[in-house]
Every structure is written in C-alpha cells, then in structure tokens.
Amino acid sequence: MKSTSSPIIKDLVLVGGGHSQINVLKRFGMKPLPGVRLTLICKDVMTPYSGMLPGLIAGHYSFEETHIDLGRLSRFAGARFFNDAAVGLDLANRRVLCRNRPPVAYDLLSINIGSTPVTATVPGATENVVPVKPIDRFVAHWERLRERVLERGERTRIGVVGAGAGGVEILLAIQYRLRQLLSADGRDGVFPEFHLLTDTDEILPTHNPRVRRKFRRVLRERGVEVHTGHRVVAVEPGTIHCADGLRLALDEILWVTWAGAAAWVAETGLDVDDRGFVQVNEFLQSK
C-alpha cells in the first residue's frame with residue numbers, strides 16, 4: 001500500500017473483483033483521491049476476465065493472459081487487499097462481514113461479486129451438473145472434464161443446457177479444444193458428441209436474426225445436435241429429463257442458464273429483485 005500524508009476522511013470498500021472494481025483500482029492507481037482509503041475484499045487473488053473464458057477453454061490464451069492479479073493491482077492503486085469472502089453486511093454500523101477476518105468499516109461500498117448458478121430449482125441439477133459460474137470454479141471443473149474425456153476409451157456425450165451467448169460460446173470452445181487434443185493423440189474416431197438444450201424456441205434469443213442464422217449454420221456444420229423448446233425439469237446422474245418427455249443420456253452436463261445473486265445479498269436488508277440482485281437506480285446506486 002502506498003504511503004500518504006493525507007488524513008483518511010472516507011473509506012471506500014470494494015467487495016468482489018468484478019470489472020467495475022478493476023476499473024476503480026486502475027483509476028485510483030493513475031490518479032489517487034487524497035483522503036480516500038481504498039479497500040478491496042475478494043476471495044480470489046487471480047480474478048478471471050469473463051470475456052476471454054471461451055478463448056482460455058479453446059486454448060488460445062493462457063491462464064495468466066485471462067486473469068488479473070488483484071494483489072498487484074491493489075498495490076498499484078495504493079489499496080488494502082483482504083483476501084477473504086464477504087458473507088454479509090451490517091448496514092446500521094456500515095460494516096462488511098467477512099468469513100475469516102474481522103468486519104471492515106466503510107463510508108461508501110461497491111458490490112461487484114458476480115452471479116451464482118441457479119440449479120436448486122431443478123431437482124438433481126446441483127449434484128449432477130457442471131455450472132459455468134462462478135467462472136473461477138468452472139476453470140477447475142473444465143480441467144477435470146477435459147481429463148475425463150481424454151481418459152475415456154469411447155465417445156463422450158456432452159450436453160450444454162442454455163443456448164444464450166455463453167452456452168453457445170462455451171460449447172464451441174470446448175468442442176474445438178477437445179477435437180484438437182484428441183487429434184494430437186491420434187484418436188479422431190472418438191470425438192465427443194455434443195447436445196445444446198434450451199427452453200426457448202431459438203438459440204441466442206436476445207441476438208438479431210442474422211446472428212442466429214449464422215450460429216445455427218456453424219452448429220449444424222460442426223455436428224452439434226440442437227434441442228430447442230426443451231425445458232429441463234430434472235437431472236439424474238448421466239441423464240437429463242425435459243418437460244415434454246425428452247430423456248437424454250449424457251456423460252457430461254454443463255449448466256449455462258441464467259444465474260442469480262449470492263444468497264447472502266438478500267439477507268443484508270438491501271432492496272433486491274426476485275432473483276436476489278440489488279435493486280439500483282439509474283446511477284447504479286442501491287435504492
């Protein structure tokens with residue numbers, strides 16, 4: 001932490017290592033605000049840049065190229081860095097409650113902790129799928145999945161639930177990397193079989209028709225079986241069950257559906273929406 005002769009007037013505390021916090025740290029490093037003490041609380045030292053995740057999975061980038069060193073960035077910003085997880089807020093006394101350290105006082109608080117997978121609403125999903133979020137955990141899941149596929153002596157059936165941008169990108173990145181690795185091992189005949197499932201009538205439902213047409217073509221050319229209009233209602237070990245009766249046997253199931261907020265946020269007393277995210281005004285301030 002950089003030394004300063006200015007008295008501390010305000011404590012600005014950043015919870016989580018998301019993109020907005022990264023920007024604040026960078027700006028403070030470039031132009032500090034006298035009298036403001038900056039503190040970062042994050043359970044990760046190396047935080048992933050989510051936009052580069054498919055490139056990391058596909059093997060285009062290294063781990064170091066796709067992650068930001070929060071310790072180094074905090075030192076540049078002159079900020080305190082507490083490597084811990086926030087688990088609650090004491091709004092009355094303006095304190096962040098942490099898992100392993102004493103509470104941290106704040107005058108101003110910024111929360112940017114990302115989202116968590118919503119699997120509890122689908123029976124069996126929590127125990128039997130690999131969620132893409134949080135991203136830091138998914139990277140470890142991916143490494144284990146990759147090893148399982150490479151060790152199998154037969155074709156692996158991989159399903160991705162969720163056909164938004166994240167689901168489509170992750171599927172294509174995984175397919176590219178596994179084909180590359182299996183080809184290098186002389187095992188072209190056991191390329192995995194891929195399935196993409198969504199409860200919507202279209203893949204990439206928030207994108208324009210031209211983008212959807214292009215990716216339908218890409219998925220078709222790469223042999224991906226696309227199942228639109230199939231809502232997953234239960235997951236058993238190795239099997240997905242859909243509301244319309246479709247039963248799909250799979251060796252690996254990835255979960256890339258919409259995500260919710262961390263459970264502790266709804267317990268803070270802040271105004272939250274039906275998914276647990278903090279309600280904000282036009283300036284991204286809590287209501």
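**View 1. Thr-239 of strand β16 meets its bridge partner Ala-249 in β17.** We're looking at a predicted model, where local features need pLDDT of at least 70, side-chain atom pairs count only at pLDDT 80 or more, and totals for chains, interfaces and linings use all residues. Residues are numbered from 1 along each chain as its sequence is written, and side-chain values use heavy atoms, with hydrogens and water left out. Strands here are DSSP runs (E, at least two residues), numbered from the N terminus, and two of them pair if DSSP finds at least two bridges between them. β16 and β17 (residues 247-249) manage three bridges, in the antiparallel sense. Four residues sit between these two strands in their hairpin, and Gly-245 in the turn has a positive phi of about 100 degrees.

**View 2. On its way along the chain, β16 also pairs with β15.** Strand β15 (residues 232-236) and β16 are antiparallel, with four bridges. One spot to look for is Ala-234, whose bridge partner in β16 is His-241. This hairpin has two residues between the strands, and Gly-238 takes a positive phi near 80 degrees.

**View 3. Here are the side chains of β16 (residues 239-242).** Which way do they point? Thr-239 and His-241 go one way, Ile-240 and Cys-242 the other, and all are buried. Buried means under 20% relative accessible area, exposed means over 50%, and partly exposed is in between (1.4 Å probe, protein chains only).

**View 4. Now for an open sheet of three strands, in the order β6-β7-β8.** The pairing is antiparallel. The edge strands, β6 (86-90) and β8 (104-105), each pair on one side only. In general, strands of a sheet pair through backbone hydrogen bonds, either parallel or antiparallel.

**View 5. Zoom in on β6 and β7, joined by four bridges.** Ala-86 stands opposite Cys-98 in β7. The two strands form a hairpin with four residues between them, and Arg-94 in the turn has a positive phi of about 55 degrees.

**View 6. β7 (residues 95-98) pairs with β8 over two bridges.** Arg-95 stands opposite Ala-105 in β8, and Val-96 has Val-104 as its bridge partner there. Five residues lie between β7 and β8 in their hairpin.

**View 7. The side chains of β7 alternate along the strand.** Which of them are buried? Val-96 and Cys-98, which point to one face, are buried, while Arg-95 and Leu-97 point to the other face and are not.
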